[in-house]
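Hi everyone, thanks for making time for this. I'd like to walk you through one structure, so please have a look at it while I talk.

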Amino acid sequence: MAKLYFKYGAMGSSKTATALITKYNYEERGMRVWLIKPAADDRDGALRLKSRVGLEAEAEAVAADKNIIDLYRVRDRVDVILVDECQFMTEAQIDQLRTLVDRDNLPVLCFGLRTDFQTKLFPGSRRLFEVADSITEIKTICCCGSKATVNARIDSEGYIITEGAQVVLGGNDRYLAMCHKCWKESIAEHRKVR
């Protein structure tokens, strides 16, 4: 029986690399992978997924107003769906993925962040915590060696930002994975974290 998987981690935990390796593993066995990402994530181009370690592949960008079930229906054949940056999917789109698992016995693997720079759940991640069959953390570490759980947003000088829009795209130039203790101490002491 197929399952809905949520594999989450802080920035820099190799979520995209893991998704691309998973894609390769399915394709090596002759299976057809539908690799999708939210259209909001256009950092590497509208139709590219690129990991920090250099792996990349073409992906279909899905706008927030699109129904994933409708998009699936017009595809030739799909054996598995892989979703990167799933935190940017809408709650309705997560429910549509859940429907494809249940109705079509189609495995769906979602990769993304749990929380934003203020440690608040993203809507897509919240819904996955509510409806996923399997939830796995992909771990990474803080500069102190502890497990990183916070996606600290930083300004151009290396200070932590604590206010602003929930979604601001960026990589190492804008975000730093930190443990909660270092994050809180860096904010309280107003010190640079780069």
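I'll go from the strands to the core, then to the aromatic rings, and finish with a glycine in a loop.

Before anything else, please keep in mind that this is a predicted model.

Let's begin with strand β7, which covers 108–112. How many of the residues of β7 are buried? The count is 5 of the 5, so β7 is largely enclosed by the rest of the structure. If you look along the strand, V108, C110 and G112 point one way, while L109 and F111 point the other way. Both sets are buried.

Now, which strands pair with β7? One of them is β1, which runs parallel to β7 and is joined to it by 5 bridges. Within that pairing, Y8 has G112 in β7 as its bridge partner. Strand β6 also pairs with β7 in the parallel sense, this time over 4 bridges. There you can find D84 standing opposite F111 in β7. Add the helix α3, and β6, α3 and β7 together make a right-handed β-α-β unit.

That brings us to the packing. The largest nonpolar core has 25 residues, and the ones that touch the most other members are I81, V83 and C110. Two or more residues come from each of β1, β2, α2, β6, α3, β7 and α4. Which element gives the most to this core? That is α3, with 4 residues.

Let me zoom in on V83 for a moment. Leaving out residues up to four places away in sequence, V83 touches I36, M89, L97, V108, L109, C110 and F111. There is also a second, separate core, made of 11 residues, and among them are A59, L109, F111 and I138. You may remember L109 and F111 as the two β7 residues that point the other way from V108, C110 and G112.

On to the aromatic rings. The model has 4 aromatic pairs. One of them is F6 with Y8, a tilted pair with 5.6 Å centre to centre and 40° between the planes. Are these two residues buried or exposed? F6 is buried, with a relative accessible area of 0%. Y8 has 12% relative accessibility, and it counts as buried because the cut-off is under 20%.

Another pair is F88 with F122. Why is this pair called edge-to-face? The ring centres are 5.6 Å apart and the planes are at 90°, so edge-to-face is the label. F88 lies in the loop between β6 and α3, and F122 lies in the loop between β7 and α4, so the pair ties together parts that are 34 residues apart in sequence. F88 and F122 are both buried.

Two more notes on rings. F6 and Y8 also belong to one aromatic cluster with F129. And for those of you who like cation–ring geometry, the charged end of R153 sits over the ring of F117, 3.6 Å from its centre.

Last stop: G30, in the loop between α1 and β2. Which residues does G30 contact, leaving aside neighbours within four places in sequence? They are R77 and D79. G30 and D79 are 49 residues apart along the chain, with 9.5 Å between their C-alpha atoms.

That's my tour, and I'm happy to go back to any part of it.

Key: Residues are numbered from 1 along each chain as its sequence is written. This is a predicted model: local features need pLDDT of at least 70, side-chain atom pairs count only at pLDDT 80 or more; totals for chains, interfaces and linings use all residues. Side-chain values use heavy atoms; hydrogens and water are left out. Rings of Phe, Tyr and Trp (its six-membered ring) pair if their centres lie within 6.5 Å; planes under 30 degrees apart count as stacked, over 60 as edge-to-face and the rest as tilted. Buried means under 20% relative accessible area, exposed over 50%, partly exposed in between (1.4 Å probe, protein chains only). A charge sits over a ring if NZ of Lys or CZ of Arg is within 6 Å of the ring centre and within 35 degrees of the ring normal. A nonpolar core is a set of buried Ala, Val, Leu, Ile, Met, Phe, Trp, Tyr and Cys residues joined through side-chain atoms within 4.5 Å. Contact means heavy atoms within 4.5 Å. Two strands pair if DSSP finds at least two bridges between them. A crossover is right-handed if, with the strands pointing away from the viewer, the path from the first strand over the helix to the second runs clockwise.
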